[in-house]
Amino acid sequence: QRDLNLLHDKSAWLNDACINFYMTYLSRSQPARWGQFWQRFSSGSDEHDGKKGGGNNNESSSSSKSRTIKDSNSGKDDDSNNNDFKKREEEEKIMFLDPSVISFMMHQCDDEDLHDLASSWTITGTKRFFIPINDNFGASKRKFGIPGGGNHWSLLLVVLMIQGEQNNATSSCEEEGEGAKGGNEIDEAISAKTRPRMCFLHFDSCRGHNTQSAKVVAKRFHRAVKLAFDDDNNDIDNDIMTIIECNNPQQYNSYDCGVHTLMAAEALSDPSLLCATNASEIEAIQKVHVDTLNTWFGRNGGHGGAALSMRQKMVDEIQKLSKIYLDKE
């Protein structure tokens, strides 16, 4: 009830329980979102939120891709089992991490633990990780252990791409040959060994506040993934790692950082954004995600109502789940 009161109070700072609840909600709602996406995609009408009003000029390309996928799937209804497997495979390419998992990763894991943690994530192809960042994550172990620490939330989105595993390093949503490099060119750009490449996008509603904490968490995440993939990890700390500070909507108060973090997670977990993931185009990945978030924010009330709507949505979902639980008693 105490956590629910934070949502009823329009000026309350969200705690880690609220953040984890909605991250879990988004994770469990992914199959339904994917179902809607596949319906739109099969009808050739899919457009991710960044297409309209977001400054992205790939709308006609998206329509072309949709038609191509639709045509290529025609007459294949008898292969429904394979299609269902493919859909499940796509659904697993998005992962939402609990703030407590990040705390564990930052302050309790040695290299062996990091290896085991990243190995449990079943990383193949392209996968996106939604990581809630608290400014306390980068604190010392002594300071981190003080209850009630932390003042600000932001979102770190990691687009993790496996190089050496597939020729075009793109989502299966993209039609073959369009916007992808040829196999020979890609082979020259990657090592023969399967290696992860990571794009770190930081969405902070008080730009700059959580930059240092995001860097510390990104470095730890980067090390965990590298340990899971590299037999010889002597060069892990020397790998180049860049965090991109994105131009996302900013909060106009001192308490809506958690709400903005969750709005970003919802907007950017749109299944169709997997179509925009190309390992050779980091700037394009950044642009389509920023466009999508800004457009989603505007469509959902902007500064005048998006945060309030998100708080109410969370209250509604909690009450709905509570009713289901009580009905079972």
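1. Let's start with a rule of thumb: two helices count as roughly perpendicular when the angle between them is 65 to 115 degrees. Keep that range at hand as you look at this predicted model. The axes of H6 and H9 cross at roughly 80°, and therefore these two helices are roughly perpendicular to each other. Their axes come within 7 Å.

2. Which residues of H6 meet H9? On the H6 side they are Asp111, Leu114, His115, Ala118 and Ser119. Their partners in H9 are Arg220, Arg223, Ala224, Val225, Leu227 and Ala228. Sorted by class, this contact between H6 and H9 has six nonpolar, two polar and three charged residues.

3. While you are at H6, have a look at Glu112, which sits in this helix, residues 111-119. Is Glu112 buried or exposed? Its relative accessibility is 56%, so Glu112 counts as exposed. Glu112 also shows how the fold brings together parts of the sequence: Ala224 is 112 residues away along the chain, yet the C-alpha atoms of the two are 9.0 Å apart.

4. H9 (residues 211-229) has a crossing with H5 (residues 99-107) as well. The axes of H5 and H9 come within 10 Å, and the angle between them is roughly 75°. That angle lies between 65 and 115 degrees, so H5 is roughly perpendicular to H9. From H5, the residues in contact are Ile102, Met105 and Met106; from H9, they are Val216, Val217, Arg220 and Phe221. This contact of H5 with H9 holds six nonpolar residues, no polar ones and one charged one.

5. Now move along the chain to H10 (residues 257-268) and H11 (residues 282-299). How do their axes cross? They do so at roughly 115°, coming within 9 Å. H10 and H11 are therefore roughly perpendicular to each other. The crossing of H10 past H11 is right-handed. On H10, the contact uses His260, Met263, Ala264, Glu266, Ala267 and Leu268, while H11 brings His289, Thr292, Leu293, Trp296 and Phe297. Seven of these residues are nonpolar, three are polar and one is charged.

6. Val288 is a residue of H11 worth finding in the viewer. With a relative accessibility of 3%, below the 20% cut-off, Val288 counts as buried. Between Val288 and Leu268 there are 20 positions in sequence and 9.7 Å in space, going from C-alpha to C-alpha.

7. Next, try Asp16, a residue of H2 (residues 16-42). Asp16 has 45% relative accessibility and so counts as partly exposed. Leaving aside residues up to four places away in sequence, Asp16 touches Pro99 and Trp153. Asp16 and Gly258 are 242 residues apart along the chain, but 8.9 Å separates their C-alpha atoms.

8. Finally, step back to the whole protein chain. How many helices and strands does the chain have? There are 12 helices and five strands. Of its 329 residues, 47% are buried. Among contacts with a separation of 6 or more, 82% are between residues 24 or more positions apart. The chain exposes about 16100 Å², with carbon and sulfur atoms supplying 46% of that area.

Conventions
Residues numbered from 1 in each chain as written. Predicted model: local features only at pLDDT ≥ 70, side-chain atom pairs only at ≥ 80, totals over all residues. Heavy atoms only, no water. Axes fitted to C-alpha atoms, helices over the stretch in contact; angles between N-to-C directions. Helix = DSSP H or I, 4+ residues; strand = E, 2+ residues; numbered from the N terminus. Parallel < 35°, antiparallel > 145°, perpendicular 65-115°, else oblique. Left-handed = near helix turned anticlockwise from the far one by under 90°. Contact = heavy atoms within 4.5 Å. Nonpolar A, V, L, I, M, F, W, Y, C, P; charged D, E, K, R; others polar. Buried < 20%, exposed > 50% of the residue type's maximum accessible area, 1.4 Å probe, protein only. Areas by Shrake-Rupley, 256 points an atom, 1.4 Å probe, with all protein chains shown as cover.
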